[in-house]
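I wanted a quick look through this one before going back to the bench. These are my notes, in the order I looked things up.

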Amino acid sequence: MDMEIDFKNYQLSHELRGHEDDVRGICVCGNAGIATSSRDKTVRYWVPDPTDKRKYESSKILLGHSSFVGPLAWIPPNPDFVEGAIVSGGMDTMVFVWNLSNGEKFLSLKGHHLQVTGLVLDDEDIVSCSVDCTLRRWRKGQLVENWEAHKSAIQAIIKLTSGELVTGSTDTTLKLWKGRTCLHTFAGHSDTVRGLAEMHGLGILSASHDGSIRLWSLTGEVLMEMVGHASIVYSVDSHVSGLIVSGSEDCSAKIWKDGACVQSIEHPGCVWDVKFLENGDIVTACSDGAVRIWTSYQERIADPADLDSYVSQLSQYKLSRKRVGGLKLEDLPGLEALQIPGTTDGQTKVIREGDNGVAYAWDLREQKWDKIGEVVDGPEDGMKVALFDVDIGDGEPIRKLPYNRSDNPYDTADKWLLKENLPLTYRQQIVEFILQNSGQGGVALDSSFRDPYTGANAYIPGGSSSMSVVSAKPTFKHIPKKGMLVFDVAQFDGILKKITEFHNSLLSDPVKKDLSLSELEISRLGAVIKILKDTSHYHTSRFADADIALLLKLLKSWPLAMIFPVTDILRMLVLHPDGATVLLKHVEDENDILMEMIKRVATNPPLPQNLLTGIRAVTNLFKNSPYHTWLQKHQSEILDAFSSCYSSPNKNLQLSYATMILNYAVLLIEKKDLQGQSQVLTAALEIAEGENIEVDSKFRALVAVGSLMLDGLVKKIALDFDVENVAKTAKAF
């Protein structure tokens with residue numbers, strides 16, 4: 001390999017437009033084409049434009065995933081696939097194989113419990129990795145083996161030319177595999193390993209959330225570390241020329257040579273994936289929905305108009321992102337706004353001066369605007385952060401003091417004095433300076449001090465000799481969710497009327513007459529409903545075993561289209577203390593009647609009325625702690641059975657499913673069940689990101705996500721799922 005090549009800057013060659021959301025993955029299909037995956041739930045296949053060697057045109061759109069699509073792999077043409085095939089994995093836990101001859105789904109591989117994050121071909125096998133910590137090997141559409149490869153989410157997998165597999169994980173390590181045997185564990189990154197690539201003849205490249213790229217020998221030695229990105233590095237790739245390319249959250253693709261960054265290509269969004277083409281061109285996948293090809297060859301550079309258009313895209317993106325204290329720079333008034341007098345002493349105004357925002361305060365006595373200082377972006381939208389110039393005196397240099405108007409000035413002063421290594425005796429002077437310059441004179445404030453590093457209090461003359469340390473844990477209005485939600489309203493008369501109608505229908509059918517009810521059974525059902533109606537006596541009323549046995553008999557024997565009113569009685573029965581207790585005996589039997597009911601109502605094609613009453617019955621079980629062990633044990637089966645509900649056009653089904661997910665989040669946080677929390681997080685994010693989802697359903701899903709992140713064990717996994725982008729979308733929603 002010639003590492004002494006002359007480097008020429010890459011420039012835009014072509015933009016591939018078609019995806020409607022973030023482009024998440026790229027697969028180079030030899031010289032035949034390029035496949036891309038997206039948050040828009042599609043895979044697109046692009047082929048070279050025969051009229052222009054710089055360009056590609058859309059050839060196939062592969063539809064089938066129910067959530068965003070990530071990893072891709074290419075199966076070259078063979079007797080089974082004349083034009084080759086694409087393998088895709090998604091957040092919906094599915095792996096699909098697509099025939100490129102017709103764009104149809106050829107195989108559906110179901111087995112992973114959480115998001116599929118990586119795919120490789122190993123001879124004729126497909127190997128997939130997932131957030132569920134497993135590797136799964138598929139052969140001719142069948143799962144032939146699977147094993148837990150890491151104790152945390154697996155984020156990437158590659159196959160080396162020598163035949164071994166390499167995985168990267170949220171546990172910060174890489175592992176080298178021969179079959180199911182781990183040959184070596186590579187430790188060194190300080191955060192999630194997100195992307196992997198082979199550096200031909202040298203070793204393995206890894207991209208990490210810690211902002212670095214590392215080159216490892218196969219024995220685990222770090223040969224090179226490349227640092228330059230300002231945020232998470234999502235992807236990395238290498239070329240036979242010796243060049244390396246990386247993509248990052250910092251909106252850039254960086255090109256590296258001999259360990260040094262030789263070019264940084266700005267993008268109007270996060271760069272999710274990067275790949276080299278065989279000819280040395282680079283393909284990037286961006287959160288703005290565009291796929292871009294970059295070249296160092298003059299004859300393949302885009303036309304001047306396209307280059308100007310891209311510069312304009314970048315400029316607009318930067319302007320839209322530039323914020324000063326939570327305010328958009330482009331929305332700020334210019335200096336002409338200072339010609340308008342203020343109305344009150346200390347009134348503040350932020351003015352755009354070039355590419356900066358500058359704060360001014362109105363001096364009522366002098367009738368003029370005084371410059372306070374430059375406003376910088378705060379940690380959250382809506383915070384106005386002024387940089388004050390502080391002259392300590394005593395020959396000390398002028399120092400910059402950042403201040404959020406929403407902060408307690410005493411907290412700001414304490415942290416700043418500690419940071420600047422200045423004595424706390426300056427504290428009151430700094431507070432008064434902040435109040436005077438921010439127009440907050442006369443505001444009553446909490447002056448209690450807490451060292452932000454030790455949590456200790458400062459001594460204040462005349463104050464109490466001891467102060468309690470206030471918990472730094474944030475508090476929110478809706479999270480973490482406590483307690484369970486239930487569906488406790490029922491139209492009992494309507495339920496009984498529908499059961500009677502179905503009974504009469506069975507009675508008049510010679511074939512099904514034996515399934516009809518006896519007079520005693522009709523009377524018993526009436527008695528059950530009478531007890532359920534009388535909520536004021538729930539503490540004393542009782543059910544006979546025969547009452548429950550009758551309901552279970554109908555659930556088992558009645559035609560599928562007729563069981564929903566019976567399931568609805570069951571939904572209300574589990575909210576009755578004695579009803580729930582008697583039913584539990586049947587649930588704990590070998591023949592678990594509840595799982596039978598769930599499997600029945602979810603039978604394909606499921607009837608909406610069966611799904612609705614079934615999922616609401618399960619949701620109400622959370623109200624009774626004796627059912628919690630059963631709910632935890634059968635969580636995967638239950639979520640799988642009702643997984644179609646979130647995308648149903650039926651708004652009531654959506655809400656019922658979201659409510660069950662929220663209850664599961666509360667339960668599994670209490671049980672400290674990491675695997676269960678991960679699966680529920682995936683389901684909640686699917687709802688939060690889904691299209692045409694009813695607003696209350698989205699809200700409950702977001703409360704589940706927030707609760708799991710705040711009190712659960714999956715905050716790191718949620719960040720790997722790009723939950724920040726989900727939150728931004730939800731905020732706008």
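The entries below cover two sheets, a strand residue, some salt bridges, a helix and the core.

**Entry 1: what I'm looking at**

I'm working from a predicted model.

**Entry 2: sheet with strand 1**

I started with the sheet that runs in the order 1-28-27-26. Its four strands make an open sheet with antiparallel pairing. I looked up the edges next: strand 1 (11–17) and strand 26 (271–276) each pair on one side only. On average, neighbouring strands here are turned by 20° against each other, direction ignored.

Then I went inside the sheet. Strand 27 (residues 282–286) pairs with strand 28 (residues 290–295) through four bridges, in the antiparallel sense. Val283 sits opposite Ile293 of strand 28.

What does Arg292 meet in a salt bridge? I found Glu15 as its partner, at 2.9 Å from N to O. Arg292 is in strand 28 and Glu15 in strand 1, and the two are 277 residues apart, so I noted this pair as one that links distant parts of the chain. Arg292 is buried, with a relative accessible area of 0%.

**Entry 3: sheet with strand 14**

A second group of four strands also forms an open sheet, in the order 14-15-16-17 and with antiparallel pairing. Here strand 14 (154–159) and strand 17 (181–187) are the edge strands, each paired on one side only. The average turn between neighbouring strands is 20°, direction ignored.

How many bridges join strand 16 and strand 17? I get six, with strand 16 (residues 173–178) and strand 17 pairing in the antiparallel sense. Thr173 stands opposite Ala187 of strand 17.

**Entry 4: Asn99**

I picked Asn99, which is found in strand 8 (residues 94–99). Is Asn99 buried or exposed? Asn99 is buried, at a relative accessible area of 12%. Leaving out residues up to four places away in sequence, Asn99 touches Phe81, Gly84, Glu104 and Phe106. I also checked Glu83: 16 residues separate it from Asn99 along the chain, and their C-alpha atoms are 7.7 Å apart. The side chain of Asn99 also reaches the backbone nitrogen of Ser101, at 2.9 Å.

**Entry 5: more salt bridges**

I count 28 salt bridges in the structure. As a reminder to myself, side chains of opposite charge can pair when their charged atoms come close.

Asp125 and Arg137 meet through their side chains at 3.1 Å, N to O. Asp125 belongs to strand 11 (residues 125–130) and Arg137 to strand 12 (residues 134–139), 12 residues apart. Both Asp125 and Arg137 are buried. I then followed the charges around this pair and found a network of salt bridges that links Asp122, Asp123, Asp125, Arg137, Arg139, Glu145, Lys159 and Arg180.

Another pair I looked up is Glu521 with Lys553, whose closest N and O atoms are 2.8 Å apart. Glu521 lies in helix 5 (residues 519–533) and Lys553 in helix 6, so this salt bridge ties together parts that are 32 residues apart in sequence. Why does Glu521 count as buried? Its relative accessibility is 17%, and the cut-off for buried is under 20%. Lys553 has 40% relative accessibility and counts as partly exposed.

**Entry 6: helix 9**

Which residues of helix 9 are buried? In helix 9 (residues 593–601) they are Ile593, Leu594, Met595, Met597, Ile598 and Val601. I looked at what covers them, and the list includes helix 6 (545–557), helix 7 (564–573), helix 8 (577–587), helix 10 (608–621), helix 11 (628–633) and helix 12 (635–642). At the N-terminal end, Asp592 caps helix 9, with a side-chain oxygen 3.1 Å from the backbone nitrogen of Leu594.

**Entry 7: the core**

Last stop was the largest nonpolar core, which has 93 residues. Leu631, Ile638, Phe642, Tyr657, Met660 and Tyr664 have the most contacts inside it. Helix 13 (residues 651–671) gives the most to this core, with 12 residues. In soluble globular proteins, nonpolar side chains tend to be buried together.

I zoomed in on Tyr657. What does Tyr657 touch, not counting residues up to four places away in sequence? I listed Ile615, Leu639, Phe642, Ser643, Cys645, Tyr646, Ala683 and Ile687.

Key. Residues numbered from 1 in each chain as written. Predicted model: local features only at pLDDT ≥ 70, side-chain atom pairs only at ≥ 80, totals over all residues. Heavy atoms only, no water. Core = buried A, V, L, I, M, F, W, Y, C linked by side-chain atoms within 4.5 Å. Buried < 20%, exposed > 50% of the residue type's maximum accessible area, 1.4 Å probe, protein only. Contact = heavy atoms within 4.5 Å. Pairing = 2+ DSSP bridges. Axes fitted to C-alpha atoms, helices over the stretch in contact; angles between N-to-C directions. Polar contact = N/O pair within 3.5 Å; in protein donor to acceptor, adjacent residues only side chain to side chain. Salt bridge = Lys/Arg side-chain N within 4 Å of Asp/Glu carboxyl O.
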